[in-house]
Amino acid sequence: MIRILIVEDDHLLLNTLKFDLESEGFEIITASSYREGLDAVNSSSFDLAILDINLPDGDGFNICREIKASSNTPVVFLTARDLEIDEIKGFDLGADDYITKPFSLKLFKKRIKAILKRAGLYNSSPNYDDGFLSINFDTFKINSFGDEYDLTTTEANLLILFIESRGTILTRSFLLEKLWDQNLRFVNDHALSVQINRLRAKIEKDNHKYIKTIYGVGYQWMGK
């Protein structure tokens, strides 16, 4: 079983992440302070570490240094600090990802699985397959009518929203709100149209459509 260390001083968030990742089949080790995190690093083995930077008695950067000094264990920083200098520092220390709070739990889990997949620790399977279109949200790759494409984060988020709401009309305002929440940056009305068109170019053929435009309202997923 894949073991993941989470060091986070927000107990509500810590318990939420623990519950969500355990529901995915991972074994979770938790720590809520710098000292507890170091103790876990020195006494336990794990396959991935998720580290908050701001801890009451230290910071996650030093825990990352301790981890990387003796292993190639993947590290993800999870923090409210969104300064570019902090992100650069995190990646310079060997971090595999840097996720800024607040964030989408759904996208968070996808990113964790993608990191584990790259490390050869997680075998994923397509999350959608209708015989024509196969989508793997863990690796952000699709196979559409025999052609393979990479998905951007926004395209993956759109597909998740569409597939989970199949048959339901999603308004443009709803999609804009959700894309803002999940990407943590503004997506305007024109950008949404561009993203929809780019996604259609990857997944649709002339005689096989997935995204139906409901004029003046929004869009509807027509796949299975």
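Trainee: Which residue in the turn of the hairpin formed by β13 and β14 has a positive phi?

Mentor: The model is predicted, with residues numbered from 1 along each chain as its sequence is written; local features need pLDDT of at least 70, and side-chain atom pairs count only at pLDDT 80 or more. Totals for chains, interfaces and linings use all residues, and side-chain values use heavy atoms, leaving out hydrogens and water. The hairpin has 3 residues between its two strands (strands being DSSP runs of E, at least two residues, and helices runs of H or I, at least four, both numbered from the N terminus). The residue in its turn with a positive phi, of about 80°, is Gly-216.

Trainee: How many bridges join β13 to β14?

Mentor: Two strands pair if DSSP finds at least two bridges between them. Here Lys-212 has Gln-220 as its bridge partner in β14, and Ile-211 has Trp-221. β14 covers residues 218-221 and runs antiparallel to β13, and the number of bridges joining them is 4.

Trainee: Which residue of β14 stands opposite Thr-171?

Mentor: Strands of a sheet pair through backbone hydrogen bonds, either parallel or antiparallel. β12 and β14 pair in the antiparallel sense, over 3 bridges. Opposite Thr-171 in β14 stands Gly-218.

Trainee: Which strands stand at the edges of the open sheet, and why is one side of each without a neighbour?

Mentor: The open sheet has 3 strands in the order β12-β14-β13, with antiparallel pairing. Each edge strand has a single partner strand, so one side of it has no neighbour in the sheet; these edge strands are β12 (169-171) and β13 (211-214).

Trainee: At what angle does α8 run to β13?

Mentor: Axes are lines fitted to C-alpha atoms, for helices over the stretch in contact (heavy atoms within 4.5 Å), and angles run from 0 to 180 degrees between N-to-C directions. Helix α6 (residues 153-164) lies across β12, β13 and β14, at about 70° to β14. Helix α8 lies across β13 and β14, and its angle to β13 is about 145°.

Trainee: Which side chain of opposite charge is nearest to Arg-200, and how far away is it?

Mentor: Arg-200 lies in helix α8 (residues 189-203), and beyond its neighbours within four places in sequence it is in contact with Ile-211, Lys-212, Thr-213 and Tyr-219. Lys and Arg count as positive and Asp and Glu as negative, while His and the chain ends are not counted. A salt bridge requires a side-chain nitrogen of Lys or Arg within 4 Å of a carboxyl oxygen of Asp or Glu. Arg-200 is buried (under 20% relative accessible area; exposed is over 50%, partly exposed in between, with a 1.4 Å probe and protein chains only) and has no salt bridge, the nearest side chain of opposite charge being Glu-204, at 4.1 Å.

Trainee: Why does the salt bridge of Glu-27 and Arg-3 tie together separate parts of the sequence, and how many residues apart are they?

Mentor: In this salt bridge the closest N and O atoms are 3.3 Å apart. Glu-27 lies in strand β2 (residues 27-31) and Arg-3 in strand β1 (residues 3-7), so the pair joins parts whose separation in sequence is 24 residues.

Trainee: Is Lys-113, the partner of Glu-24, buried or exposed?

Mentor: Lys-113 and Glu-24 form a salt bridge whose closest N and O atoms are 2.6 Å apart. Lys-113 belongs to helix α5 (residues 105-118) and Glu-24 to the loop between α1 (11-22) and β2, 89 residues apart. Glu-24 is partly exposed at 30% relative accessibility, whereas Lys-113, at 9%, is buried.

Trainee: With which residue does Lys-205 form a salt bridge?

Mentor: The count of salt bridges in the model comes to 14. Lys-205 is partly exposed, at 32% relative accessible area. With 3.7 Å between the closest N and O atoms, its salt-bridge partner is Asp-147.

Trainee: What is the relative accessible area of Asp-52, for which UniProt lists a modified residue?

Mentor: The unreviewed UniProt entry lists Asp-52 under "modified residue: 4-aspartylphosphate"; UniProt positions follow the numbering used here, feature names are shortened, and annotations may be inferred rather than shown by experiment. Asp-52 sits in the loop between β3 (48-51) and β4 (54-55). Beyond its neighbours within four places in sequence, its contacts include Asp-9, Thr-79 and Lys-101. Asp-52 is buried, with a relative accessible area of 3%.
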